[in-house]
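Got the viewer open? Here is a short route through the structure, one selection at a time.

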Amino acid sequence: MTPPDKTPALEIRGLEKTYQNGFQALKTVDLTIQTGEIFALLGPNGAGKTTLINAVCGIVRPSAGQIQVCGFDHVTHYRNTRDLIGLVPQEITTDAFETVWNTVRFSRGLFGKPRNDAYIETLLKRLSLWDKKDNQLRMLSGGMKRRVMIAKALSHEPQVLFLDEPTAGVDVTLRSSMWDQVRELRETGVTIILTTHYIEEAEEMADRIGVINHGELILTENKKSLMKKLGKKELVIDLAQPLTELPASLAGKPIQLLQDGQQLVYTYDTLQENNGVAELMDELKTQHIRFKDISTQQSSLEEIFVQLVGQA
Amino acid sequence: MNLRAVAAIYNFEMARTFRTIGQSIASPVISTVLYFVVFGSAIGSRINNIEGISYGAFIVPGLIMLTVLSQSVSNASFGIYFPRFTGTIYELLSAPISFVEVLMGYVGAAASKSLIIGLIILATSSFFVPLEVRHPFWMLTFLVLTCLSFSLLGFIIGIWADGFEKLQLIPLLIITPLAFLGGSFYSIRMLPGIWRQISLANPVVYLISGFRWSFYEQADVSLGISLAMILIFLMLGLVVVYWIFRTGYRLRN
Ligand SMILES: Nc1ncnc2c1ncn2[C@@H]1O[C@H](COP(=O)(O)OP(=O)(O)OP(=O)(O)O)[C@@H](O)[C@H]1O
Ligand SMILES: [Mg+2]
């Protein structure tokens with residue numbers, strides 16, 4: 001898909017982090033993210049998501065390993081890498097007495113960009129913050145503060161954007177408009193790395209998914225192939241007449257009789273060569289079992305996630 | 001060098017000062033007026049001139065130093081401690097800036113504020129006593145160097161402190177006693193032999209002496225030594241800051 005000579009937006013090799021108290025939060029993480037990707041990092045509380053992001057952004061000092069952002073080393077060329085990165089941290093921290101406008105302008109200056117009021121105006125309008133621009137931050141609601149953090153992160157027009165749980169505490173309407181904006185950003189070539197605990201969000205947004213648990217990246221996969229690979233499919237058959245028990249010929253197969261005998265549910269693996277659906281249908285015919293309706297459903301990313309993290 | 005970042009930090013800090021302009025300026029001015037009423041008029045009227053200078057005029061340089069020292073330390077320490085406390089430091093750490101730029105922004109702003117306050121006290125004093133500044137250049141040099149080196153000290157304290165108590169501790173336990181005993185209200189020549197020797201170990205003596213010399217050409221120690229001391233102090237501060245920079249002490253975990 002991407003030409004081989006293209007420099008990845010982010011390249012992490014052998015990243016480790018042991019905190020001062022001796023706790024190892026990251027154990028040899030390797031990760032490559034291509035330019036223009038939306039990458040979702042999933043994992044339970046304390047898995048190491050924030051630590052990973054903070055290491056890339058310069059907030060946490062890695063204990064070992066290399067990090068490159070668009071080909072620049074994050075230690076020797078920290079000015080280049082940080083210039084390219086925008087970060088929306090998980091915790092909302094604000095200068096309570098600053099105004100929205102000033103704090104966003106400050107961020108742009110801090111990243112060494114010339115003043116550009118028109119750009120900040122568009123930014124605040126897109127984030128529905130324009131009418132609050134002269135308010136002090138302490139006068140904003142929690143969700144508004146979160147959006148100010150996003151505005152600050154975008155103030156210097158970054159190429160790689162880290163969103164550490166950006167939608168926590170943001171209402172439903174704004175959340176979907178936020179995702180629209182994330183997609184728009186991606187259209188302009190920005191690479192996006194996000195964490196979220198709303199798995200359906202990752203399922204909807206991400207191109208690729210990484211699952212981290214106990215400081216280890218246990219999986220990185222293209223979302224579609226992940227769902228296909230790990231996804232179990234269920235074939236649900238609504239029967240015309242209820243059965244009292246499973247016919248003997250079907251016993252021993254991954255099939256269940258549910259809903260007081262009105263429904264047969266057959267679970268199969270989408271990756272298997274022969275998924276057994278055709279045989280099942282033949283069998284129903286020979287047994288003269290008739291059905292009203294038939295449908296399939298695929299397991300969601302959430303189920304896959306719970307299963308993965310549960311195993312580890 | 002990311003000068004825009006330095007300017008952003010500097011302006012941000014100055015804006016904070018001007019937002020609370022009332023408190024920032026009122027409290028040093030009020031305490032100066034009080035000192036004048038108590039020491040200059042009430043007690044000072046009973047004190048002979050010190051080496052040809054009225055007592056009221058004699059204490060002006062010391063008073064300015066007293067305020068400038070404590071203001072520099074508290075402004076700079078608060079300036080860098082506060083983002084650490086609230087967590088907004090994340091932005092400084094993730095920005096394409098080096099520690100030098102952070103330092104320039106914060107120390108520059110804290111020193112500017114103390115300089116302004118020092119000059120305001122000077123102006124206030126002129127309402128109470130006839131003032132003359134014989135060497136305005138040296139007066140400003142001493143004032144600026146003091147503001148800078150003590151803001152640097154404040155910056156170091158702000159990075160070292162891990163609570164508001166510690167933030168107050170050094171100014172309270174060290175700076176204020178040293179400033180009081182450094183000859184703000186007397187000439188150390190007035191002290192008996194042994195106390196005079198002990199006083200010479202107090203760095204603030206040299207600052208006040210040099211500063212007073214720039215007003216009245218009258219000093220406890222020679223100008224050269226005063227200047228050397230403040231430069232040494234500044235260098236020490238820079239060395240500590242360099243070490244903090246190398247190790248990421250208390251900034252990056
Ligand atoms: N400064 C620190 N010192 C010591 N341990 C830390 C520090 N910061 C984080 N940790 C530990 O590192 C582990 C990973 O934390 P991290 O914040 O990266 O988790 P996370 O995946 O972001 O979790 P969440 O979903 O709750 O945000 C946790 O066990 C945490 O307690
Ligand atoms: Mg986290």
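For the first stop, count a residue as near a molecule if one of its heavy atoms lies within 4 Å of it. Keep in mind as you click around that this is a predicted model.

**Stop 1: the ligand**

Select ligand 1 and bring up its surroundings. Residues from chains A and B surround ligand 1, so you're looking at a site shared between chains. There are 16 residues around the ligand, and Gly46(A), Lys49(A), Thr50(A), Thr51(A) and Gln90(A) come nearest.

Now show the polar atoms. Thr51(A) has a polar side-chain atom 2.6 Å from an oxygen atom of ligand 1. Click on Asn45(A) next: an N or O atom in its side chain is 2.8 Å from a ligand oxygen. For Gly48(A), turn the backbone on, since a polar backbone atom there sits 2.9 Å from an oxygen atom of ligand 1.

**Stop 2: H5 and H6 of chain B**

Leave the ligand and select residues 99-125 of chain B, helix H5, together with residues 136-160, helix H6. How far apart are the axes of these two helices? They are 8 Å apart, and the packing angle is about 130°. H5(B) and H6(B) are therefore oblique to each other, and their crossing is right-handed.

Show side chains to see what makes the contact. On the H5(B) side, look for residues including Phe99(B), Tyr106(B), Ala110(B), Ser114(B) and Leu122(B). H6(B) answers with, among them, Met139(B), Cys147(B), Ser151(B), Phe155(B) and Ile159(B). Colour this contact by class and you get 19 nonpolar residues, two polar and no charged.

**Stop 3: H3 and H7 of chain B**

Next, pick H3(B), residues 55-86, and H7(B), residues 164-181. The axes of H3(B) and H7(B) come within 10 Å and cross at roughly 170°. That makes H3(B) roughly antiparallel to H7(B). The crossing is right-handed here too.

Among the H3(B) residues in this contact are Leu66(B), Ser70(B), Ser77(B), Phe78(B), Tyr81(B) and Phe85(B). From H7(B), the contributors include Phe164(B), Pro171(B), Ile175(B) and Phe180(B). By class, the contact of H3(B) with H7(B) splits into twelve nonpolar, two polar and no charged residues.

**Stop 4: H7 and H9 of chain B**

Keep H7(B) selected and add helix H9, residues 203-216 of chain B. H7(B) and H9(B) pack at an angle of about 50°, with 8 Å between their axes. H7(B) is therefore oblique to H9(B), in a right-handed crossing.

Zoom in on Leu178(B), Ala179(B) and Leu181(B) of H7(B), which meet Pro203(B), Val204(B), Val205(B) and Ile208(B) of H9(B). What classes of residue make up this contact? Seven are nonpolar, with no polar and no charged residues. Before you move on, click Ala179(B) once more: this H7(B) residue is in the contact with H9(B) and also in the contact with H3(B).

Technical notes. Residues are numbered from 1 along each chain as its sequence is written. Chains are lettered from A and ligands numbered from 1 in the order in which they are written. This is a predicted model: local features need pLDDT of at least 70, side-chain atom pairs count only at pLDDT 80 or more; totals for chains, interfaces and linings use all residues. Side-chain values use heavy atoms; hydrogens and water are left out. Axes are lines fitted to C-alpha atoms, for helices over the stretch in contact, and angles run from 0 to 180 degrees between N-to-C directions. Helices (H or I, at least four residues) and strands (E, at least two) are DSSP runs, numbered from the N terminus. Angles under 35 degrees count as roughly parallel, over 145 as roughly antiparallel, 65 to 115 as roughly perpendicular and the rest as oblique. A crossing is left-handed if the near helix is turned anticlockwise from the far one by less than a right angle, and right-handed if clockwise. Contact means heavy atoms within 4.5 Å. Ala, Val, Leu, Ile, Met, Phe, Trp, Tyr, Cys and Pro count as nonpolar, Asp, Glu, Lys and Arg as charged, and the others, Gly among them, as polar. A polar contact is a pair of N or O atoms within 3.5 Å; within protein, one must be able to donate a hydrogen and the other to accept it, and residues adjacent in sequence count only if both atoms are side-chain atoms.
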